[in-house]
Amino acid sequence: MDNHLDNGLAVVALVPAAGRGVRLGAHAPKAFVEVGGTAMVRLAVDGLIASGAVDRIIVMVPADLVETALALLPGSSVTPADTVQIVVGGAERTDSVRAGIAAAPEATHFLVHDAARALTPPRLVAEVAAELRAGHPAVVPALPVVDTIKSVDAHGVVTGTPARSGLRAIQTPQGFAADLLRTAYATDVPATDDAGLVELLGAPVRTVPGDPLAFKITTALDLTLAETMLARLAPAPIGPLS
């Protein structure tokens, strides 16, 4: 990984990996489910490292899986001196992110990246980090919405159809100036993503083009797609020289 500390920047990636992943139907927490023989959390961390855009990675895991995470992740430790630090996460995703923030007092910028987006290209990570270094306080990858979206009431009756042209599906990593994210997480307001908390503070959130490979592995169908895509992305074996 590139080291940005010489120019006064410290980009720290936070990887929440404490979720149980009920919708995936797996017996292990979702981040530890394997895709092509490798745990999602390992694939996500490898992508962050390959981006060359972060100085340190903090992975938040359940207390009973700290040793498992240490065995899975390269260069990991429970101390902040190493490239990859393992900390105990919380019952909710927001609790895990707070634990990661607390473990990185030196950070000038944060990237929050879901372990379940295990195939996210390193290029996308680097682009989000570059936009932060260019001075944008909050940056998220976004894809145009291809389905028609309906709003419905409590009884499932349609109440409206927002125009797709103004809608985006948001991915990770989501990048933030560190002080902005710390302030956002000082509240107890619920939100479905980190940018949602930042928006409540009135901070502008910039979007950059996302990538279809950064999809979230949530269901068994998603896992099948990830397995297929990973097999296609793997370099072809080199045959014998003639």
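Me: Which residues are linked with R93 in a network of salt bridges?
Reply: This is a predicted model. Its salt-bridge network has four members named here, R93 among them. The partners of R93 in that network are D114, R117 and D194.

Me: How far apart are the N and O atoms where the side chains of D114 and R93 meet?
Reply: D114 and R93 form a salt bridge. The pair links distant parts of the chain, 21 residues apart. D114 sits in the loop between β7 (109-112) and α4 (122-133), while R93 belongs to helix α3 (residues 93-102). The N to O distance is 2.9 Å.

Me: Is D114 buried or exposed?
Reply: The cut-off for buried is under 20% relative accessible area. R93 has 27% and counts as partly exposed. D114 has a relative accessible area of 10%, so this residue is buried.

Me: How many salt bridges does the structure hold?
Reply: Side chains of opposite charge can pair when their charged atoms come close. Here the pairs include R42 with D46 and E131 with R206. The structure's count of salt bridges is 11.

Me: What separates R42 and D46 in helix α1?
Reply: R42 and D46 form a salt bridge, with the closest N and O atoms 2.9 Å apart. Both lie in helix α1 (residues 40-51). They are four residues apart there, so the separation is about one helical turn.

Me: What is the relative accessibility of D46?
Reply: Partly exposed covers the range between the buried limit of 20% and the exposed limit of 50%. R42 falls in that range, at 27%. D46 also counts as partly exposed, with a value of 28%.

Me: Where does R206, the salt-bridge partner of E131, lie?
Reply: The closest N and O atoms of E131 and R206 are 2.6 Å apart. The pair links distant parts of the chain, 75 residues apart. E131 is in helix α4. R206 is in strand β13 (residues 206-209).

Me: Is E131 buried or exposed?
Reply: R206 is partly exposed, at 37% relative accessible area. E131 has 18% relative accessibility. Buried means under 20%, so E131 counts as buried.

Me: Which peptide bond is cis, with omega near 15°?
Reply: The bond leads into P173. P173 lies in the loop between β11 (168-170) and β12 (174-177). The cis bond runs from T172 to P173.

Me: What distance separates the C-alpha atoms of E67 and V198?
Reply: E67 is found in helix α2 (residues 66-72). With 61% relative accessibility, E67 counts as exposed. V198 is 131 residues away along the chain. Their C-alpha atoms are separated by 33 Å.

Me: Why is the chain as compact as a globular protein of that length?
Reply: Its secondary structure comes to seven helices and 13 strands. For 242 residues the globule rule gives 18 Å. The chain is as compact as a globular protein of that length because its radius of gyration is close to that value, at 18 Å.

Me: What share of the contacts with a separation of 6 or more comes from residues 24 or more positions apart?
Reply: The C-alpha atoms fill a box of roughly 60 × 45 × 40 Å along the principal axes. Buried residues make up 45% of the chain. Residues 24 or more positions apart account for a contact share of 70%.

Me: How far apart are the mean positions of the positive and negative charges of the chain?
Reply: The chain carries 17 positive and 24 negative charges. Each set has a mean position. The two means are apart by 6 Å.

Technical notes: Residues are numbered from 1 along each chain as its sequence is written. This is a predicted model: local features need pLDDT of at least 70, side-chain atom pairs count only at pLDDT 80 or more; totals for chains, interfaces and linings use all residues. Side-chain values use heavy atoms; hydrogens and water are left out. Helices (H or I, at least four residues) and strands (E, at least two) are DSSP runs, numbered from the N terminus. The radius of gyration is taken over C-alpha atoms; the globule rule is 2.2 Å times the number of residues to the power 0.38. Buried means under 20% relative accessible area, exposed over 50%, partly exposed in between (1.4 Å probe, protein chains only). Contact means heavy atoms within 4.5 Å. Lys and Arg count as positive and Asp and Glu as negative; His and the chain ends are not counted. The place of a charge is taken as NZ of Lys, CZ of Arg, CG of Asp or CD of Glu.
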